[in-house]
Structures are given as structure tokens and as C-alpha cells.
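Visitor: I am new to this structure and would like a close look at one part of it. Please begin with a single residue and work outward from there.

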Amino acid sequence: MKIYVGSMNPAKIKAVKKVFPEDEVVEIDVASKVSLQPFSDEETMEGAVNRARECASMNPDSIGIGLEGGVMELNEELYLCNWGALISENGKTFLASGARIPLPPEVAAQLEKGIELGEVMDEYAQRQDVRKKEGAIGIFTNELVSREEMFTHVMKLLKGQYQFQQQ
């Protein structure tokens with residue numbers, strides 16, 4: 001089966017390939033149609049769904065996948081959030097979300113100024129392309145959980161729902 005993934009981010013692509021090793025995975029650059037820095041669960045989920053829809057429209061006999069990272073507010077703190085969407089060959093949408101951890105106040109303050117998390121993390125960690133490697137989740141969990149692992153978990157949740165529906 002062919003699976004289209006709406007991202008060129010290596011961490012996201014690796015997560016899809018890890019969960020769908022038997023399938024052909026095609027990465028394509030599609031727009032999330034939400035803010036560059038989603039600021040709620042709803043907006044982050046919408047970005048994932050938009051990416052999956054665009055991918056699913058590439059080929060009616062394929063699966064479309066969208067993965068989106070963002071932040072959300074809870075009890076006056078900003079938390080990392082992430083969402084995934086899988087649209088099956090018959091057009092059914094499956095959704096899943098994963099890990100959440102609070103962000104340090106100095107990182108949250110930069111995000112509230114309108115700076116994207118990827119840029120903030122590069123400066124904060126004094127590294128390049130954190131979003132394509134360990135991600136903020138990797139930095140703030142002392143690399144015990146990487147961005148790829150976080151999205152792999154989301155992909156397992158999506159694939160499990162998809163397979164359950166196939167029974």
C-alpha cells in the first residue's frame with residue numbers, strides 16, 4: 001500500500017516508516033493551513049487533519065497521514081502537544097494525540113511573543129534544527145523521549161485504530 005505523509009520532517013517520516021515498515025511511504029510537502037505555531041489542541045489537530053486530507057487526495061487507493069506539533073495552555077502553563085490524523089482509502093478519519101509536558105516559562109514567554117517553537121528551541125539548546133532531530137520533547141526529557149518516538153507513539157495509535165476498523 002502507498003502511504004502519503006504531509007511532511008518533509010525526518011523525525012515524522014521515520015515515525016511513519018517505523019510503524020508501516022511493509023508499505024511504501026511517500027513524503028510530500030503540504031501546508032497545514034494553520035499558524036506556523038499552533039497554539040491549542042484544536043488548531044494542532046486541525047493542522048494534522050488538513051495535512052492528511054491533502055495527502056489522501058493524491059491517490060484514492062492510498063492512506064494520507066498528517067502529523068502536527070503545537071502547544072496548548074492548561075492552568076496558565078504552556079504544554080507541548082502533538083496530533084496525528086490518518087485518512088484511510090475509504091475516507092475514514094482516525095485521530096490520535098500523544099505526550100504532553102510543560103514548557104519552561106522562558107520558552108513559553110518567547111512563544112507568546114510570536115516566535116515559532118523550532119526557532120526558540122534552536123536558541124535555547126544552542127543547537128541547529130532541533131525540530132528535525134530530538135525536538136523540544138527530547139531536550140526537556142533529557143533525550144529519554146525523542147520527537148521521533150513521540151510521533152511513533154501517535155502513529156501506533158492511528159494504525160491500531162485503522163486495523164481495528166478493518167476487522
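Visitor: In the loop between which two elements is Asn9 found?

Guide: A word of caution comes before the answer: this is a predicted model. Asn9 is found in the loop between strand S1 and helix H1, and H1 covers residues 10-19. Asn9 has a relative accessibility of 10%, so it counts as buried, the cut-off being under 20%. Leaving aside neighbours within four places in sequence, Asn9 is in contact with Arg131, Lys132 and Arg147. Another residue that can be placed relative to Asn9 is Glu68: the two are 59 residues apart along the chain, and their C-alpha atoms are separated by 11 Å.

Asn9 also belongs to the lining of the largest pocket. This pocket has a volume of about 610 Å³. Its lining consists of 32 residues, and those nearest its centre are Asn9, Lys12, Glu116, Arg131 and Arg147. Two of these names, Arg131 and Arg147, were also among the contacts of Asn9. Strands S3 and S4 and helices H4, H5 and H6 each supply at least two residues of the pocket lining. The rest of this answer follows these strands and helices, beginning with the sheet.

The sheet is open and has 5 strands, in the order S2-S1-S3-S4-S5, with mixed pairing. S2 (24-27) and S5 (93-97) are the edge strands, each pairing on one side only. From one strand to the next, the twist averages 25°. As general background, the strands of a sheet pair through backbone hydrogen bonds, either parallel or antiparallel.

S1, the strand before the loop of Asn9, covers residues 2-5 and is joined to S2 by 4 bridges, the two strands running parallel. In that pair, Ile3 has Val25 of S2 as its bridge partner. S1 also runs parallel to S3, to which it is joined by 3 bridges. Here Ile3 stands opposite Ile63 in S3.

S3 is mostly covered, with 9 of its 12 residues buried. Its pairing with S4 is antiparallel and extends over 11 bridges. Met72, for instance, has Tyr79 of S4 as its bridge partner. S3 and S4 form a hairpin with 2 residues between them. One residue in that turn is Asn75, whose phi is near 50°, a positive value in a residue other than glycine. Asn75 has a relative accessible area of 69%, so it counts as exposed, the cut-off being over 50%.

S4 is joined to S5 by 5 antiparallel bridges, and Ala85 has Leu95 of S5 as its bridge partner. These two strands form a hairpin as well, with 5 residues between them, and Gly91 in the turn has a positive phi of about 90°.

Next come the helices that help to line the pocket. The buried residues of H4 are Leu117, Gly118, Val120, Met121, Asp122 and Ala125. They pack against S4, helix H3 (105-112) and H5. Glu119 also lies in helix H4, but it is partly exposed, with a relative accessible area of 47%. Just after H4, Gln126 takes a positive phi of about 55°. Asp129, which is not a glycine, also has a positive phi of about 55°. Asp129 lies in the loop between H4 (117-125) and H5 (135-140), and at 35% relative accessibility it counts as partly exposed.

That leaves H6, and with it the nonpolar core. In soluble globular proteins, nonpolar side chains tend to be buried together. In this model, the largest nonpolar core has 36 residues, and those with the most contacts inside it are Val16, Phe20, Ile65, Leu86, Leu111 and Met155. Helix H6 (residues 147-166) gives the most to this core, with 6 residues. Apart from this core lies another, of 7 residues, among them Ala48, Val49, Ala56 and Trp83. Val16 of the largest core is in contact with Ile3, Val5, Val25, Ile65, Leu67 and Met155, leaving aside neighbours within four places in sequence. Among these contacts are Ile3 and Val25, the bridge partners named earlier.

Key. Residues numbered from 1 in each chain as written. Predicted model: local features only at pLDDT ≥ 70, side-chain atom pairs only at ≥ 80, totals over all residues. Heavy atoms only, no water. Core = buried A, V, L, I, M, F, W, Y, C linked by side-chain atoms within 4.5 Å. Buried < 20%, exposed > 50% of the residue type's maximum accessible area, 1.4 Å probe, protein only. Contact = heavy atoms within 4.5 Å. Pairing = 2+ DSSP bridges. Axes fitted to C-alpha atoms, helices over the stretch in contact; angles between N-to-C directions. 1 Å grid on protein atoms, 1.4 Å probe; cavity = no way out; pocket = protein on both sides within 12 Å on 5 of 7 lines; lining within 4 Å. Points joined across faces, edges and corners; volume = space filled by probe spheres on them.
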